[in-house]
Structure formats: C-alpha cells, structure tokens
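Visitor: Can you walk me through this one? I'd like to start with how the chains meet.
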Number of protein chains: 2
Amino acid sequence: MKEFITILKKTVLFSGVKENEIEAMLSCLQARKFSFKKGEFVLSQGQRLDNILILAKGKLHIQQDDYWGNRSIINIVNPREMFGEAYAAPESGAVMNDVMAVEDSEVIFFDVKKILTVCSSTCRFHTIVVQNLFYAISERNRRLVQKLGYMSKRTTREKLIAYLSDQAKRQNGSSFSIPFNRQQLADFLSVDRSAMSNELCKMRNEGLIEFDKNHFTLL
Amino acid sequence: MKEFITILKKTVLFSGVKENEIEAMLSCLQARKFSFKKGEFVLSQGQRLDNILILAKGKLHIQQDDYWGNRSIINIVNPREMFGEAYAAPESGAVMNDVMAVEDSEVIFFDVKKILTVCSSTCRFHTIVVQNLFYAISERNRRLVQKLGYMSKRTTREKLIAYLSDQAKRQNGSSFSIPFNRQQLADFLSVDRSAMSNELCKMRNEGLIEFDKNHFTLL
DNA sequence: TCGTTTACGTTGTAAATACAACAGACTTGC
DNA sequence: GCAAGTCTGTTGTATTTACAACGTAAACGA
C-alpha cells in the first residue's frame with residue numbers, strides 16, 4: 001500500500017492530493033497491481049473495461065494490428081501515466097485497441113465506478129480527482145489531435161517533419177531523443193519502415209537533419 | 001434565455017439537469033450566443049480559448065490547412081454538439097485547429113472557469129455537468145482513436161473500407177448516408193479527391209459497394 | 001432562360017510508397 | 001568467444017498516389 005502511494009502522489013490523477021488523503025482514498029478505490037512480462041498484453045481489443053489504469057513501472061504501447069499484420073502504434077505509455085480512462089464513461093463500448101508491454105511492467109488497476117460515483121459529491125479529494133481525470137483526458141485529446149496532424153500529411157517526409165518539429169518544440173531544443181526505434185516510429189506514423197529509413201537518410205544527405213540511433217538534431 | 005434552455009436541455013452537457021436548474025445555472029455561466037455566416041471562422045488556429053462552445057444551429061468543420069493548401073477535416077460538429085472542451089484545462093495551450101461554419105450557424109459560448117470552479121463542489125447540478133463534460137470528452141477521445149484507425153490504413157481503398165464499414169455499423173445497416181460530399185470525405189481521410197473518386201468507382205465496378213451521391217450501400 | 005458555379009467522374013503522367021530481399025553493425029545469451 | 005538474433009540502411013520493382021486537366025451533369029442565380 002505504501003508502495004502505491006509513493007508512485008501515485010506523482011501522477012496527474014492524484015495531483016494536489018496529499019499522501020494521507022491518497023491513503024484514505026485507496027481503501028475505497030480498491031487499487032490492485034498486476035505484473036506483465038515484455039510482449040504480454042495488458043488489454044486486448046474487444047474486451048470490456050471497468051478500470052482506469054496507471055503504469056507503475058515499465059513501458060506500454062497502445063496499438064492496433066490489422067489482418068495483414070500492419071501494426072499501428074496509437075500511443076505510448078510511460079511510468080506514472082494513466083490509460084484506459086476513455087472507457088470510464090458508462091456507455092463506452094469494448095476496448096478498441098491492444099495494450100502491450102514493451103518492457104516488463106507493473107500496472108495499477110482502479111475501479112472506475114468508485115472513482116466517479118462513490119461520495120463524489122461530498123468528498124473534497126474525490127472532486128479533485130474527478131477534475132484531474134478531466135484535465136488528463138483533455139490533454140490526451142489534444143495529443144490525439146496532434147497525432148492526427150502528423151498522420152494527415154500526405155508523404156512520409158512531411159509526416160517525419162511534422163513529428164520531429166513537434167518533438168523539438170516539446171523538448172525545447174533542436175536536439176532531442178525520441179522514444180521509438182525505427183520500426184516503432186514507422187508504426188507510429190503508419191508508414192513503411194524501409195521507406196522511412198530511406199527518407200530519413202535522404203533528409204540527412206540534404207542537410208535537413210542529423211541523427212544517431214534515436215537521437216535527432218534539426219538543422 | 002428561454003431560447004437557450006430549449007436547446008441546452010437536449011445536449012449531452014446538460015443531460016440529467018432539469019429546465020429550471022439549467023435556468024439557474026445559466027445566470028452564473030454567462031452564456032452568450034454568436035452568429036456565423038457560411039465560410040466564416042468560429043475559431044482560428046493559434047488563438048487562446050477560455051470557452052466551451054455548443055453549436056445551436058448550422059454545421060461546423062474542425063479542420064487544418066497546411067502551407068500547400070491541403071485541408072484536413074479533423075471532425076464535424078452538428079447541432080447540440082459541444083466543441084472546444086479539449087482546451088478547458090488551465091494549462092492547455094493555443095487552439096491547434098480552425099473551426100469553420102459550413103452552413104450559417106449559431107454558437108453558444110460558456111465560460112470554462114465558471115463551469116469548472118465556481119461552486120463545483122457544493123452545487124449538485126454543477127457536479128452533474130462536470131461529469132457530463134467528462135463523459136463527452138471521453139466519447140470524443142474514442143472517436144479520435146477511431147479516426148486514427150482509418151488514417152493508419154495505408155491505401156485509399158483500405159481507408160474507405162474502414163470508414164464505410166464503421167458508418168454502416170454505427171447506423172445499424174449496410175445502407176446509409178454520410179455527412180460529406182466527395183471533397184469533404186477526401187479531406188476527412190486525407191487523400192486526394194480524384195484518386196478517391198476513382199477508387200470508389202473501381203470498388204463499385206468490382207461489386208463491393210453501391211452509391212448515389214452521399215448514400216452508400218455495402219454489398 | 002441562359003450563363004455560372006459546383007460536384008463528380010475520368011484519364012495520363014510524374015512522384016511516392018509498399019514490399020521483398022539483402023548486407024553490415026550491433027546486441028544478447030550461452 | 002561465438003552463434004543467433006535484432007536493428008538499420010540500401011536497392012529494385014510493382015503498386016499506389018498526387019496532381020493537373022478536362023467533360024459532363026446538376027444546381028443555382030439573375
């Protein structure tokens with residue numbers, strides 16, 4: 001229990017809630033922790049979900065595979081980040097994506113109904129958490145729109161430029177690292193890996209960018 | 001004021017709130033209505049937004065144009081639907097898209113801070129509205145992910161199939177209408193209009209689909 | 001009614017992409 | 001240290017797309 005609290009107090013969901021308040025809430029939120037090995041699925045497309053999840057340790061990919069084996073990485077989940085909250089609404093249907101551990105991971109499960117309904121109108125902390133939940137999903141919403149921005153570009157080069165300039169802006173500098181290897185970046189942008197690799201090298205030859213592994217510099 | 005209430009009581013945001021309760025809230029929410037002619041911009045990329053908006057009448061497109069004039073339609077807004085709520089969080093930056101009226105439209109503006117903070121912990125209706133807001137943005141989140149599903153398909157044909165099957169499922173039948181003309185559908189899927197038109201006709205010739213204007217049938 | 005505009009389909013060409021196959025550098029596990 | 005596996009870049013080909021240009025039909029407005 002103590003272990004949960006040290007992690008949770010640094011999450012967006014519990015931002016502004018003190019440790020002893022978190023401890024008080026945990027008793028009614030019925031948090032449980034599960035472990036997943038690299039390559040295992042935390043959630044699978046089609047299943048029902050009544051939980052909000054927080055990644056305690058490791059790294060996850062939210063992804064979708066089609067009939068032909070093309071993988072599309074919707075999003076990545078880093079420690080202390082929340083996911084599954086899009087399915088917190090009562091009328092939300094089945095999960096539309098797979099969530100896979102790309103490293104050995106530990107995930108905390110919260111019961112959605114407890115967060116949203118139990119004493120939500122009386123307990124101060126609960127109100128804060130609901131608002132935090134709203135801010136978090138609002139932020140994710142903006143991220144998704146941003147990703148739609150990359151994806152709506154017609155050519156691989158434009159997609160790369162859109163994504164890389166965005167990363168540069170987000171990391172406040174023209175030199176930065178990305179959380180993907182080549183195959184994962186290609187899956188994230190929904191393009192062919194070799195074609196993308198080719199395009200990256202062309203851009204390097206033209207003096208637009210430099211890179212070494214997953215570290216990039218815009219020129 | 002009376003005019004607002006008849007519209008608002010049918011919106012997701014005020015679902016479960018009685019007319020007299022809405023009337024009571026409106027006084028503190030400072031709702032204001034603005035009109036926009038077809039082609040006018042309701043919101044522009046880069047501007048700050050401190051409002052949640054509800055479309056009272058007309059039709060809007062949430063879109064993005066790039067340097068080369070390629071338009072990408074992120075989403076469409078129909079009457080009684082809400083938009084701009086992704087920027088309700090205090091740390092959200094500038095608006096990332098344009099919102100354009102594609103018909104003569106009327107839009108109601110609400111002050112975000114009033115909705116989220118004023119008496120939110122004491123007033124029952126306010127709590128409901130915040131929860132409705134959460135459900136709404138949660139639903140939009142799922143829609144965005146679904147659109148990412150269309151966009152992540154590699155070929156125009158696959159994108160069309162993904163979108164059309166989804167519409168069929170949503171409208172519970174293999175015969176349905178879509179809210180786009182050809183150019184708008186192309187902008188929505190981020191493909192070239194003529195290439196898409198070509199592909200649609202090929203699919204018709206192959207006996208996969210039938211269509212007349214914006215009405216489609218899957219075979 | 002007539003001229004204008006808009007929407008849709010069609011075609012040809014240049015450009016970009018997917019796909020497969022392969023080579024070299026590097027990592028990992030034994 | 002070595003073998004196996006992974007990651008990245010490279011190349012060639014077939015497929016697909018973007019773009020421009022044009023014809024037609026329907027809708028619209030004066």
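Visitor: How many salt bridges are there between chain A and chain B?

Guide: Zero between chain A and chain B, taking a salt bridge as a side-chain nitrogen of Lys or Arg within 4 Å of a carboxyl oxygen of Asp or Glu. This is a predicted model: local features need pLDDT of at least 70, side-chain atom pairs count only at pLDDT 80 or more, and totals for chains, interfaces and linings use all residues. Residues are numbered from 1 along each chain as its sequence is written, chains are lettered from A and ligands numbered from 1 in the order in which they are written, and side-chain values use heavy atoms, with hydrogens and water left out.

Visitor: And how many residue pairs are in polar contact there?

Guide: Five between chain A and chain B, both residues at pLDDT 80 or more. A polar contact is a pair of N or O atoms within 3.5 Å; within protein, one must be able to donate a hydrogen and the other to accept it, and residues adjacent in sequence count only if both atoms are side-chain atoms.

Visitor: Which element gives the largest share of chain A's side?

Guide: H4(A), with 19 residues. Helices (H or I, at least four residues) and strands (E, at least two) are DSSP runs, numbered from the N terminus.

Visitor: What area is buried between the chains?

Guide: About 3900 Å², with 65% from carbon and sulfur atoms. Buried area is the accessible area (1.4 Å probe) that two parts lose on being put together, summed over both. In chain A, A:Phe134, A:Leu148 and A:Arg154 lose the most to chain B, together 18% of what that side buries.

Visitor: How are the two copies related?

Guide: A turn of 180° and a shift of 0.0 Å along the axis lay chain A on chain B with an RMSD of 0.1 Å. The copies are thus related as by a two-fold rotation axis. Superposition is by least squares on the C-alpha atoms of residues with pLDDT of at least 70 in both.

Visitor: Switching to the DNA. Which residues come nearest to strand C?

Guide: A:Thr156, B:Arg182, B:Ser197, B:Asn198 and B:Phe211, out of 17 around DNA strand C. Near means that a heavy atom of the residue lies within 4 Å. Sugar and phosphate make up 65% of the strand C atoms that come within 4 Å of the protein.

Visitor: What does B:Ser197 reach?

Guide: An N or O atom in the B:Ser197 side chain is 2.8 Å from a phosphate oxygen of strand C. A polar side-chain atom of B:Arg193 lies 3.1 Å from a base oxygen of that strand.

Visitor: Which helix gives the most there?

Guide: H7(B), with five residues of the surface near DNA strand C.
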